[in-house]
Structures are given as structure tokens and as C-alpha cells.
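Reader: Hey, I'm new to reading protein models. Could you walk me through one?

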Amino acid sequence: MIILKSKNSLWTLPATTPSDLTLVEIKTLSGEQLIGSSGSSGDLPSEMRAFIPDRMSGSRYMDSGRREWVALNLEYGSSFQAWRTWLLARGALGLSGAETTTVRDVDALYMTDDGKRILVFQKGPYLIFLSAPGDASVERMVALGNQIQV
């Protein structure tokens, strides 16, 4: 069973490692594992549970300068659940001065904060967060986002 969960999550990663990036780590957690890892011991308010994905898959890359790139794929039970979380993220990022771009034919938001560039988009039941060094080009982040198989 664990193999199937990993297989379902791993297929969303880029089919080939993006140029100049080396895959360093892959990790997948279920929604229940995410709740347990928060230290809340199941005391998470029901209003917050709606924003916990069914599964979260993360991949960590290093570029040639040994700088970290991260891709988080939050997988929800439906496109509506992902969209609701996207609206929350979009509102918060919009207030922070995020700019828009297009990834996988959908709207995405990006911004630079605390030395990191962040790009977020929603496609179907997936919400994707990408993090890169602050000087990474938006075009390069979009190229990575376009390789994620959602």
C-alpha cells in the first residue's frame, strides 16, 4: 500500500530533472501525517481541516551553485477543495504584492520574500508551491512548474 501512495505522488514530479537542478530528496505525507506532525494531537479546529490536503509531496533540488529549490504538491480530494485553498493563498499573496504569470495554462502568483522567490498555482485538485533562490528568474520557475505533471 505504501508503494502505491508513493507511486501516485511521484508521477506528478517532472518526468526529467530540470536542467541545472539535481534531485536531492522526495517526501510524501498523508493528510493525517501532516496533522500529526503539527503537534496538535488531533486538536486542529474543524475550520482548518478543510485546508489540509489529502497528500503532500515534496521534492528538493540543488542547482549548480548549491542553492535549494523546492516543489510542494498539495493534493486535495477535489478541484473545489484545492480552489478554496488557492483563494486563501491568492488573497494572502495579493496583499503582499505578488505579481501574476501563467503556468500550465492557469494563473499563478509569484513574489520574492526573505531571500526566496515563491510561485504558487492551482491546477485541478492540486495546489503547487515552488520556492527558489531570490534571484531566480520567473521564467525558470515557470519552466519548472510547467514540467510538474498535474
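Author: Sure, we'll take your questions topic by topic. One thing up front: this is a predicted model.

Reader: OK, so what average pLDDT does the protein chain have?
Author: The chain averages a pLDDT of 84, and 86% of the residues score at least 70. For residues 1-7, though, the pLDDT is below 50. Leaving out near neighbours in sequence, that stretch has 1 contact in the model.

Reader: Got it. New topic: how many aromatic pairs turn up in the whole structure?
Author: Searching the whole structure gives 1 aromatic pair. Phe80 and Trp83 make it up, with ring centres 5.8 Å apart.

Reader: Why is that pair called tilted?
Author: Because the ring planes of Phe80 and Trp83 sit at 35°. Under 30 degrees would count as stacked and over 60 as edge-to-face, and the rest is tilted.

Reader: And where do Phe80 and Trp83 lie?
Author: Both are in helix H4, which covers residues 79-95. They are 3 residues apart, about one turn of the helix.

Reader: How does Trp83 count for accessibility, then?
Author: Trp83 counts as partly exposed, because its relative accessibility is 39% and the partly exposed class runs between 20% and 50%.

Reader: Which residues make the nonpolar surface patch?
Author: Phe80, Trp83 and Leu87 do, and the patch is about 290 Å². Two of those names, Phe80 and Trp83, are also the ones in the aromatic pair.

Reader: Switching to charges. How many salt bridges does a search of the whole structure find?
Author: There are 6 salt bridges. Let's go through some of them. One joins the side chains of Glu25 and Arg60, at 3.2 Å from N to O.

Reader: Which parts of the chain does the Glu25 and Arg60 pair link?
Author: Distant ones: Glu25 sits in strand S1 (residues 21-30) and Arg60 in strand S2 (residues 55-63), with their positions 35 residues apart in the chain.

Reader: Is Glu25 buried, exposed or partly exposed, and what's its relative accessible area?
Author: Glu25 is partly exposed, with a relative accessible area of 37%. Arg60 counts as partly exposed too, at 23% relative accessibility.

Reader: Which other residue forms a salt bridge with Arg60?
Author: Glu68 does, and the closest N and O atoms of that pair are 3.3 Å apart. Glu68 has 29% relative accessibility, so it counts as partly exposed. Through shared partners, the salt bridges join Glu25, Arg60 and Glu68 into one network.

Reader: What about Glu75, which side chain does it meet in a salt bridge?
Author: The side chain of Arg55, at 3.3 Å from N to O. Glu75 lies in strand S3 (residues 68-75) and Arg55 in strand S2, so this pair ties together parts 20 residues apart in sequence.

Reader: Are Glu75 and Arg55 buried or exposed?
Author: Glu75 is buried, and Arg55 is buried as well.

Reader: Last one: where is Ala132?
Author: Ala132 is in strand S7, which spans residues 126-133. At 0% relative accessibility, Ala132 counts as buried.

Reader: Which residues does Ala132 touch?
Author: Not counting residues up to four places away in sequence, Ala132 touches Glu68, Trp69, Gly115, Lys116, Arg117 and Met141. You met Glu68 before, as a salt-bridge partner of Arg60.

Reader: And how many residues apart along the chain are Ala132 and Tyr61?
Author: They are 71 residues apart along the chain, and their C-alpha atoms are separated by 9.4 Å.

Methods
Residues numbered from 1 in each chain as written. Predicted model: local features only at pLDDT ≥ 70, side-chain atom pairs only at ≥ 80, totals over all residues. Heavy atoms only, no water. Phe/Tyr/Trp six-rings, centres within 6.5 Å; stacked < 30°, edge-to-face > 60°. Helix = DSSP H or I, 4+ residues; strand = E, 2+ residues; numbered from the N terminus. Buried < 20%, exposed > 50% of the residue type's maximum accessible area, 1.4 Å probe, protein only. Patch = residues over 30% accessible without salt bridge, like charges linked within 9 Å, V, L, I, M, F, W, Y side chains within 5 Å. Areas by Shrake-Rupley, 256 points an atom, 1.4 Å probe, with all protein chains shown as cover. Salt bridge = Lys/Arg side-chain N within 4 Å of Asp/Glu carboxyl O. pLDDT = per-residue confidence, 0-100. Contact = heavy atoms within 4.5 Å.
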